[in-house]
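Got the structure open in your viewer? Let's walk through it one selection at a time.

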Amino acid sequence: MPAALRSIEDSGIFSNYGPLNSRFEHRLVAECFAGAGGCLTVCNATIGLMMAIHAVTTLHGTRRRRYALMPSFTFAATAHAAIWAGFTPLLCDIDEHTWLPCHAAEAALLASLGDDIGVMVPCATFGACLDLDHYAALSRQYNIPVVIDAAPALGSLDAAGRPFAAGCKLPTVFSMHATKAFAVGEGGVIYADDPELMRGLRAMGNFGFDQNRSVTALGINAKLSEVSALLALAKLDELEDVVSHRAARLDQYRAGLPGWTFQQPTGQRQTIQFVAVLPPPGVGRDPLRAILAQHEIGCGTYFSPHLAEQPYFQTIAQAGDLQRTDSIAQRILALPISDTITAAEVDFVCAVLRDAADSAITDSLSHAA
Ligand SMILES: *Cc1c(COP(=O)(O)O)cnc(C)c1O
């Protein structure tokens with residue numbers, strides 16, 4: 001057994017916010033949040049979102065309201081967390097360029113349904129930085145709490161070059177799932193520069209126990225094991241390399257696919273989980289997927305179907321106008337990125353896609369002629 005695992009065994013502490021977990025939380029604050037605020041680990045980001053939504057809506061007295069306002073262009077977990085916390089997802093459209101929740105769409109739903117909205121859950125789509133001042137202002141204006149779903153965004157730098165969410169009072173939830181850049185396996189982190197909120201969340205994650213092991217509030221078991229904390233510490237050591245490697249490969253995709261549409265950056269550096277692109281006009285997604293498959297190149301279609309297109313959420317959720325979400329989700333393609341993908345591999349993927357797009361356009365022109 002490797003020495004680090006042996007030392008967990010010898011310590012006899014396997015969980016319950018143990019020493020490795022504490023070291024990880026402290027290092028995260030110092031290294032990923034500029035030393036401000038606090039971090040709490042959770043067993044995954046979905047549970048972290050559920051807890052944060054429950055906590056802020058209890059504190060704000062909006063728990064009995066109906067809706068959780070969120071974009072339809074997100075992962076299923078955002079909606080599930082809200083539903084578990086007792087809310088009906090209210091789905092809004094996204095911005096055409098940044099693919100983040102559209103401020104005008106949010107404003108329209110807040111104006112018409114504001115008194116029924118208990119919480120806003122904007123998402124840092126694909127690791128892009130949200131305008132957190134905007135959400136703090138909205139929260140004050142409407143007196144509605146906010147939880148940020150920043151699942152893939154650990155390591156992103158905002159427009160000023162600061163770590164995304166550093167110093168933010170609004171609880172911000174990050175994931176350490178195997179599919180994210182900060183890949184640990186299962187795990188998550190709740191961040192906020194709000195010590196009282198963080199104390200409450202820490203108790204909630206440990207069955208709602210106070211210092212006397214007496215339950216004073218709703219709790220759950222959301223703790224990260226010491227083995228996971230050990231892996232998370234190791235991942236933290238390589239985070240800068242992982243994020244900058246991925247950012248460099250993204251730049252290469254941008255340069256290699258002229259005429260394709262990429263997400264408009266909102267920060268200085270985006271921690272990317274996928275390289276999401278829209279093919280040039282007139283080039284269908286399905287033929288491209290077929291050609292990628294022929295070359296044994298994996299690809300995905302995140303977030304398509306978007307939430308409002310999925311059967312379970314259709315039975316529950318309410319939606320505003322989703323025109324841009326529909327149009328972007330229909331076309332989106334997620335290209336391969338990993339910690340080990342090489343420049344030559346990205347060049348190859350770009351060449352295959354350029355050829356495929358050229359022949360799709362030539363085909364459609366010859367059909368038109
Ligand atoms: C991955 C993801 C989640 C869920 O994270 P888990 O740690 O797997 O629970 C939530 N929201 C978004 C936007 C995600 O991408």
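Start by selecting E296: it is exposed, with a relative accessible area of 76% (buried means under 20% relative accessible area, exposed over 50% and partly exposed in between, with a 1.4 Å probe and protein chains only). Before you move on, some ground rules: this is a predicted model, where local features need pLDDT of at least 70 and side-chain atom pairs count only at pLDDT 80 or more, while totals for chains, interfaces and linings use all residues. Residues are numbered from 1 along each chain as its sequence is written, and side-chain values use heavy atoms, with hydrogens and water left out.

**The loop around E296**

E296 lies in the loop between α9 and α10. Helices (H or I, at least four residues) and strands (E, at least two) are DSSP runs, numbered from the N terminus. Check the backbone here: phi of E296 is near 55°, a positive value in a residue other than glycine.

Stay in this loop and pick F303, which sits between α9 (285-294) and α10 (311-316). What kind of peptide bond joins Y302 and F303? A cis one, with omega about -10°. Now slide along to P305, also found in the loop between α9 and α10. The bond from S304 to P305 is cis as well, with omega near 0°.

**Another positive phi**

Jump to R213, in the loop between α7 and α8 (226-256). Its phi is near 55°, again a positive value in a residue other than glycine. Is R213 buried or exposed? R213 is exposed, at a relative accessible area of 59%.

**A buried leucine**

Next, select L100, in the loop between β3 (88-92) and α5 (103-113). With a relative accessibility of 7%, L100 counts as buried. Show what surrounds L100: leaving aside neighbours within four places in sequence, its contacts (heavy atoms within 4.5 Å) include I94, D95, C123, L130 and T266. A128 is also one of the contacts. L100 and A128 are 28 residues apart in sequence, and their C-alpha atoms are 7.7 Å apart in space.

**A sheet with parallel pairing**

Color the strands β4, β2, β3 and β10: in that order they form an open sheet of four strands with parallel pairing (two strands pair if DSSP finds at least two bridges between them). The edges belong to β4 (117-120) and β10 (318-319), each with a single partner strand, so one side of each is left without a neighbour in the sheet. Zoom in on β2 (residues 67-71), which runs parallel to β4 and is joined to it by three bridges. Which residue in β4 is the bridge partner of Y67? It is I117. Now bring α5 into view: α5 packs on the sheet, touching β2, β3 and β4, and its direction makes about 135° with that of β3. For angles like this, axes are lines fitted to C-alpha atoms, for helices over the stretch in contact, and angles run from 0 to 180 degrees between N-to-C directions.

**A sheet with mixed pairing**

Select β1, β7, β6 and β5 next: this open sheet of four strands has the order β1-β7-β6-β5, with mixed pairing. Here β1 (38-42) and β5 (148-149) stand at the edges with a single partner strand each, so each has one side without a neighbour in the sheet. Between β5 and β6 (residues 172-175), which run parallel, there are two bridges. Click D149 and you can find its bridge partner in β6, V173. Helix α7 packs on this sheet, touching β1 and β7 (188-192), and its direction makes about 20° with that of β1.

**Helix pairs around α3**

Keep α7 (residues 195-204) and add α3 (residues 45-60): they pack at an angle of about 130°, with their axes 10 Å apart. That makes α3 oblique to α7 (angles under 35 degrees count as roughly parallel, over 145 as roughly antiparallel, 65 to 115 as roughly perpendicular and the rest as oblique). Show side chains at the contact, where M51, A52, H54, A55, V56 and L59 in α3 meet L197, L201 and M204 in α7. By class, that contact has eight nonpolar residues, one polar and no charged (Ala, Val, Leu, Ile, Met, Phe, Trp, Tyr, Cys and Pro count as nonpolar, Asp, Glu, Lys and Arg as charged, and the others, Gly among them, as polar).

For the last stop, swap α7 for α4 (residues 76-84): α3 and α4 pack at about 40°, with their axes 8 Å apart. That makes α3 oblique to α4. From α3 come T46, L49, M50 and I53, and from α4 come A77, T78, A81, A82 and W84. This contact holds seven nonpolar, two polar and no charged residues.
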